[in-house]
Amino acid sequence: MIPFNMFLAGYLALFLFSTVAQVAVDLIQSAHLKRHAKEVPPEFEGLIEPEKLIRIGRYSIENLWLDLIGGLTGKAVLLYL
C-alpha cells in the first residue's frame with residue numbers, strides 16, 4: 001500500500017480534476033450534437049443529404065459515449081493499480 005502524503009494527494013486531485021473536466025466536455029459535446037445533428041448548416045445546403053447528416057450525428061454521439069466509457073474504465077484500472 002502506498003502511504004498517503006502530499007504528493008499522492010496532489011496527484012489524485014489533478015487526476016480527478018482532469019477526469020471531471022473530460023467528462024464535462026464530452027457531455028457538452030454530446031448535448032450540442034443532439035441539438036444540432038439534424039440541421040444542415042446553410043453553407044452546406046445541397047452538399048450534404050439530411051439523412052446522411054443524421055446518421056453521422058448518431059455515429060458521432062455513439063462513438064463519443066464509447067470513448068467516454070472506455071476512458072473512464074481505463075482511468076479506473078490505472079487508479080486501482
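Leaving aside its neighbours within four places in sequence, lysine 75 touches Phe15, Ser18 and Thr19, where contact means heavy atoms within 4.5 Å. Lysine 75 sits in helix α2, and at 27% relative accessibility it counts as partly exposed. On this scale, buried means under 20% relative accessible area, exposed means over 50%, and partly exposed covers what lies in between, with a 1.4 Å probe and protein chains only. Lysine 75 and phenylalanine 17 are 58 residues apart along the chain, and their C-alpha atoms are separated by 12 Å. All of this comes from a predicted model, in which local features need pLDDT of at least 70 and side-chain atom pairs count only at pLDDT 80 or more, while totals for chains, interfaces and linings use all residues. Residues are numbered from 1 along each chain as its sequence is written, and side-chain values use heavy atoms, with hydrogens and water left out.

Stepping back, the secondary structure of the protein chain comes to two helices and zero strands; helices (H or I, at least four residues) and strands (E, at least two) are DSSP runs, numbered from the N terminus. The radius of gyration is 19 Å, well over the 12 Å that the globule rule gives for 81 residues, so the chain is more spread out than a compact globule. That radius is taken over C-alpha atoms, and the globule rule is 2.2 Å times the number of residues to the power 0.38. The C-alpha atoms fill a box of roughly 60 × 20 × 15 Å along the principal axes. Of the 81 residues, 15% count as buried. As for contacts with a separation of 6 or more, 65% of them are accounted for by residues 24 or more positions apart.

Now for the helices themselves. The 31 residues of α1 should span 45 Å at 1.5 Å a residue, and the end C-alpha atoms of α1 are indeed 45 Å apart; the expected span is 1.5 Å times one less than the number of residues. Helix α2, residues 50-80, also has 31 residues and reaches 45 Å from its first C-alpha to its last, close to the 45 Å expected.

What do the buried residues of α1 pack against? They pack against α2, and the residues in question are Phe15, Thr19, Asp26, Ser30 and Leu33. On the other side, the buried residues of α2 pack against α1 (6-36); these are Leu53, Gly57, Ile61, Leu64 and Leu68. An α-helix has 3.6 residues a turn, so residues three or four places apart point the same way.

Valine 23 gives another view of how the helices meet. This residue is found in helix α1 and, with 21% relative accessibility, counts as partly exposed. Outside its neighbours within four places in sequence, valine 23 is in contact with Leu68 and Leu72. Valine 23 and tryptophan 65 are 42 residues apart in sequence and 10.0 Å apart in space, C-alpha to C-alpha.

Some residues are out in the open. Phenylalanine 7 lies in helix α1 and counts as exposed, at 67% relative accessibility. Its C-alpha atom is separated by 50 Å from that of valine 40, 33 residues apart along the chain. Tyrosine 80, in helix α2, is exposed too, with a relative accessible area of 73%. Tyrosine 80 and asparagine 63 are 17 residues apart in sequence and 26 Å apart in space, C-alpha to C-alpha.
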